[in-house]
Amino acid sequence: MGFEELAVNTSLNPGGVSFAFAITTSNNPTSLSAALPGYAGFTTAVEACDPFTTVSVCGTTLTGMAARSAGTGDMLTFSSIGTTPLSGPVTIYASNAYGIFTNAPHWTDPGVTITDDGTSFGFRGVGPSGASTVPEPATVGLLGLGFLGTALARRRRRG
Amino acid sequence: MSVSKPVILTVLAAPALLAVTGAGASPAPLAPGGSVSPIPTYTSTGTPTVNVLLTRERKASPKAASRWGSRSSR
């Protein structure tokens, strides 16, 4: 079982740190999932096959499902993750690379759990950290529209 | 019918603002309690800039996993 996770700054998400992970297994899993904690209080979006590294694999259309826990939304769970066989001296099975976009300014190292056909594996991963002070681009846009509207209303009143 | 200058400016400014807000092109936010299936794939044709801040690469066996489990349960 292998697990690779990255923290990146990318133009796809200029508002905060993004994370990416991929899993490799020695078996062809019928059930593969990942549980990543630490997302409470952060804006979070997920995507598969992001070109974050040159070694990214995007070989399966079985991208699976992502769910975020209720309440603070701390835990992200990826399930039904598909894999692609990579032949070599020993065949390994690789998931697609998943991207997690956040508005976090920093990163930390929470424990991540990968479950492969019922067997759990623990890893030290990477997750968001710090106060999410960076506003979302959409929020900035809405704020701009609000200011514009206020300015127009004032101008109309004066006129 | 006369259209005032501020109205014209607003109409012209809106697409520019939307273009700015869409610059990130990241997928829709996943709210607490929410889910997405299937997970969407990256579809843009452009090559994004990527600055890798940290890489973690680990291999584990089930035995190592059980050690981790006991450590994290404290």
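Before you click anything, two terms: a strand is a DSSP run of E with at least two residues, a helix is a run of H or I with at least four, and both are numbered from the N terminus. Two strands pair if DSSP finds at least two bridges between them.

You're looking at a predicted model, where local features need pLDDT of at least 70, side-chain atom pairs count only at pLDDT 80 or more, and totals for chains, interfaces and linings use all residues. Residues are numbered from 1 along each chain as its sequence is written, while chains are lettered from A and ligands numbered from 1 in the order in which they are written.

**Stop one: all of chain A.** Colour by secondary structure and you'll find 13 strands and one helix. Walk along the sequence and the helix comes after the strands. The radius of gyration (taken over C-alpha atoms) is 20 Å, well over the 15 Å that the globule rule (2.2 Å times the number of residues to the power 0.38) gives for 159 residues, so chain A is more spread out than a compact globule. Turn it around: the C-alpha trace spans about 80 × 30 × 20 Å along its principal axes.

**Stop two: residues 83–86 of chain A.** That's strand 7, which pairs with strand 8 in the antiparallel sense over four bridges. Strands 7 and 8 make a hairpin, with five residues between them.

**Stop three: Tyr93(A).** Which residue stands opposite Tyr93(A) in strand 8? Pro85(A) does. Tyr93(A) is also the bridge partner of Thr25(A).

**Stop four: residues 13–25 of chain A.** Here is strand 2, pairing antiparallel with strand 8 (residues 92–95) over two bridges.
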